[in-house]
Amino acid sequence: MWPRIGGLRTLALGTPGEMRATLNALVLSGVKTATAGLLTSEYAEENEELEYAGERLVLVDDHDALAGVVEITDVEVVRFADVSWEFARSEGEGDRSIEEWREGHRRYWARVGFPVDDDSQVVCIRFRLVSAGDGGISTGDLGT
């Protein structure tokens, strides 16, 4: 299971270090409004359910500390080959084409031990930033 803070699941983007710091900064600046995960590798192995519209997640830093709170606006599971350019752009990571997005994600997932092919099931998650940093929110206030 993924860690929880104040009863909410956490969202740990990328790998710890520079990558996570960069991705978190993109979320906190409003540039990154989506992320992708692998259904069979990342969800099944962790025995986690899919996120759902309206669910709030705690964006965490390298130390699993609260960096912000996001609210899920949409979740869709599609084949890797069917991820749209519109979704890829909303990840806000600077890809210039869907081919570039696919190549970068293939490399990333292979590097973390989850090689993908065109039929791999990708969880496409869209979200909106609710608060940056702790925003004055205590962990007891995270639920709504």
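In the hairpin formed by strands S4 and S5, where five residues lie between the two strands, Asp64 adopts a positive phi near 60°. The model in which this feature appears is a predicted one. Within the same hairpin, S4 and S5 (residues 66-79) pair in the antiparallel sense over five bridges, and Leu59 has Gly68 in S5 as its bridge partner. Val58, for its part, stands opposite Val69 in S5.

Strand S4 (residues 56-60) is mostly covered, five of its five residues being buried. Its side chains are divided between two directions, with Arg56, Val58 and Val60 pointing one way and Leu57 and Leu59 the other, and all of these residues are buried. S4 is also joined to strand S2 (residues 8-11), in this case by two bridges and with the strands running parallel; here Thr10 has Val58 in S4 as its bridge partner.

These pairings belong to an open sheet of six strands in the order S1-S2-S4-S5-S6-S3, in which the pairing is mixed. Strand S1 (4-5) and S3 stand at the edges with a single partner strand each, so that one side of each is left without a neighbour in the sheet. Helix H1 (residues 18-28) packs on this sheet and touches S4, S5 and S6, its direction making about 135° with that of S4.

Edge strand S3 is, like S4, described as mostly covered, with five of its five residues buried. Ala34, Ala36 and Leu38 point one way from S3, whereas Thr35 and Gly37 point the other way, and all are buried. The partner of S3 is S6, to which five bridges join it in the antiparallel sense; one of the residues involved is Leu38, whose bridge partner in S6 is Val122.

The largest nonpolar core of the model comprises 16 residues, and those with the most contacts inside it are Val83, Phe87, Trp101, Trp109 and Val122. Two or more residues are given to this core by each of strand S3 (34-38), helix H3 (85-90), helix H4 (98-111) and strand S6 (121-132), and H4 gives the most, with four residues. When residues up to four places away in sequence are not counted, Val83 touches Val78, Ile98, Trp101, Arg102, Val122 and Cys124. A second, separate core of 15 residues includes Trp2, Leu11, Leu57 and Phe127.

Aromatic side chains were examined next, and the count comes to two aromatic pairs. For Phe80 and Trp109 the ring centres are 6.2 Å apart and the ring planes stand at 70°, so the pair is classed as edge-to-face, the planes of such a pair being over 60 degrees apart. Because Phe80 lies in the loop between S5 and H3 while Trp109 lies in helix H4, the pair ties together parts that are 29 residues apart in sequence. Both Phe80 and Trp109 are buried, and together with Trp101 these two residues form one aromatic cluster.

A further link between separated parts of the chain involves Leu26, which lies in helix H1. The C-alpha atoms of Leu26 and Glu93 are separated by 7.9 Å, although the two residues are 67 residues apart along the chain. With its neighbours within four places in sequence left aside, Leu26 is in contact with Val31, Lys32, Gly92 and Glu93.

Taken as a whole, the protein has a secondary structure of four helices and six strands, which follow the pattern β-β-α-β-α-β-β-α-α-β when read along the sequence. The radius of gyration is 15 Å, close to the 15 Å that the globule rule gives for 144 residues, so the protein is as compact as a globular protein of that length. Along the principal axes, the C-alpha atoms fill a box of roughly 40 × 30 × 25 Å. Of the 144 residues, 41% count as buried, and among contacts between residues at least 6 apart in sequence, 71% join residues at least 24 apart.

Conventions:
Residues are numbered from 1 along each chain as its sequence is written. This is a predicted model: local features need pLDDT of at least 70, side-chain atom pairs count only at pLDDT 80 or more; totals for chains, interfaces and linings use all residues. Side-chain values use heavy atoms; hydrogens and water are left out. A nonpolar core is a set of buried Ala, Val, Leu, Ile, Met, Phe, Trp, Tyr and Cys residues joined through side-chain atoms within 4.5 Å. Buried means under 20% relative accessible area, exposed over 50%, partly exposed in between (1.4 Å probe, protein chains only). Contact means heavy atoms within 4.5 Å. Two strands pair if DSSP finds at least two bridges between them. Axes are lines fitted to C-alpha atoms, for helices over the stretch in contact, and angles run from 0 to 180 degrees between N-to-C directions. Rings of Phe, Tyr and Trp (its six-membered ring) pair if their centres lie within 6.5 Å; planes under 30 degrees apart count as stacked, over 60 as edge-to-face and the rest as tilted. The radius of gyration is taken over C-alpha atoms; the globule rule is 2.2 Å times the number of residues to the power 0.38.
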